[in-house]
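Me: Could you walk me through this structure, one step at a time? I would like to see the reasoning behind each answer.

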Amino acid sequence: MRKPLRLFTCALIGTSTFAAHGALAQTALEQDMRYQDTATMTVGETVISLGGGFAYLTLPDTRYTFRYKNSGTFNSADKQKNDAFDDYGGGFSGTVSTPLGGAFGMPWVGAVHGYWSNIENTNRNRCVSTNSFTCAASNIVDTPGPSTVSAGTLISHTSRDVDSWGAALEFTTPNARPMLLPGIMKSTRWGFAFDVRGLDQDLHINGHSGSSNLFGYKETLDTTYYGGYFTIGGEYSLCPARHCGWGLRSFIDLHAGIYGADADYSGNFNGRGIGGSKLSLSDDEVTFIGGVKFETRKQFSPRTSLSLLSEYDWYSWVPAMRYNDGDGNAKGIVNGTHITDGDAFSQRTSLRFNIGLGPTALYAPGY
């Protein structure tokens with residue numbers, strides 16, 4: 001599995017949820033245009049934000065083992081769900097942002113965002129053969145001789161390890177006046193970014209019947225997304241009174257973009273009595289990625305603050321493997337195993353420490 005460089009150090013660990021942002025969506029500070037920017041900085045200041053927390057990810061199910069009919073032409077009856085990936089893990093995130101000056105009559109802020117998270121899960125699947133159906137697993141390619149292993153009771157153990165990572169170069173321009181929802185939105189910022197991100201998966205499945213090992217399967221499925229997105233957001237408040245927010249400020253950002261997806265698959269199978277095989281595949285697709293970010297921030301000193309950041313993303317295309325079931329040639333599918341598609345959802349929540357570099361206060365003085 002390709003591992004991204006882990007450039008960001010964990011400063012604080014947060015275990016919060018999306019609901020926390022609703023309760024914290026208040027503000028107690030009104031600021032001059034000079035201080036309206038990308039959530040954590042003043043004009044003239046570079047801000048570094050580092051943090052850690054938990055991540056949640058859903059991916060297409062893994063269906064490797066199957067049952068086939070005992071009579072008539074060989075035909076798989078149904079695929080067994082060896083793993084339903086829907087799990088939590090941990091990770092880090094960080095941002096470095098700085099003002100860039102003016103262009104096209106507008107102030108601009110540049111930021112580099114990065115994140116990495118790791119999520120693992122395991123699953124045990126039990127298949128019992130009947131008079132009509134037999135539990136089996138197949139070689140990942142069709143072979144001239146036997147290509148399946150079977151058992152009266154087939155137990156499979158699945159482990160799946162996923163790295164989710166990304167880095168973006170973002171440019172935004174702030175506006176002290178809201179472009180939409182006046183009364184709720186206090187300011188607006190919009191912009192664009194160049195983005196690269198990845199979902200790198202390692203999968204292991206071991207099958208046995210009683211004390212006998214029947215098969216082993218290993219897979220690497222790495223997907224890299226290259227593209228960019230547009231973003232719009234700003235500061236908001238659900239509290240009309242100026243001093244009812246306990247000094248908290250809340251921000252929202254929506255983003256949407258088009259990406260090229262590059263998926264690479266590598267599989268290795270070994271079965272008792274039928275030997276082994278290796279297979280490599282690749283696929284290139286175009287996908288949409290969109291999501292939303294929520295941040296709630298509390299200042300603790302002139303140049304430091306603490307923020308709770310939650311990020312939600314939906315991927316319209318992620319690779320999903322369709323494995324050979326012993327009759328791939330009859331279906332006209334070369335090698336049986338091939339790449340299909342599904343979608344994915346990710347969520348990351350982190351508690352981050354923000355520090356401004358330089359002599360100027362991180363935020364403008366409050367009223």
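**Strand S13 and its neighbours**

In S14, Arg348 is the bridge partner of Glu311.

Me: Thanks! Which strand does S13 join by 17 bridges?
Reply: Happy to help, and please keep in mind that this is a predicted model. The partner runs antiparallel to S13 and spans residues 338-357. That strand is S14.

Me: And how many bridges join S12 to S13?
Reply: S12 covers residues 275-301 and runs antiparallel to S13. The two strands form a hairpin, with 2 residues between them. The number of bridges joining them is 12.

Me: Which residue in S13 does Gly291 stand opposite?
Reply: S12 and S13 are antiparallel, and S12 takes in residues 275-301. Opposite Gly291, in S13, stands Asp313.

Me: Is S13 largely enclosed or largely open?
Reply: Buried here means under 20% relative accessible area. S13 runs over residues 304-322, and 15 of its 19 residues are buried. Because of that, the rest of the structure leaves S13 largely enclosed.

Me: Zooming out, how many strands does the chain have?
Reply: The chain has 367 residues, and buried ones make up 51% of them. Its secondary structure includes 1 helix. The strand count is 14.

Me: What share of the contacts between residues at least 6 apart in sequence joins residues at least 24 apart?
Reply: A contact here means heavy atoms within 4.5 Å. Among contacts between residues at least 6 apart in sequence, the share joining residues at least 24 apart is 77%.

Me: Lastly, what percentage of the exposed area do carbon and sulfur atoms supply?
Reply: The chain exposes about 16300 Å². Of that area, carbon and sulfur atoms supply 58%.

Methods: Residues are numbered from 1 along each chain as its sequence is written. This is a predicted model: local features need pLDDT of at least 70, side-chain atom pairs count only at pLDDT 80 or more; totals for chains, interfaces and linings use all residues. Side-chain values use heavy atoms; hydrogens and water are left out. Buried means under 20% relative accessible area, exposed over 50%, partly exposed in between (1.4 Å probe, protein chains only). Helices (H or I, at least four residues) and strands (E, at least two) are DSSP runs, numbered from the N terminus. Two strands pair if DSSP finds at least two bridges between them. Accessible areas come from the Shrake-Rupley method with a 1.4 Å probe; for residues, only the protein chains shown count as cover.
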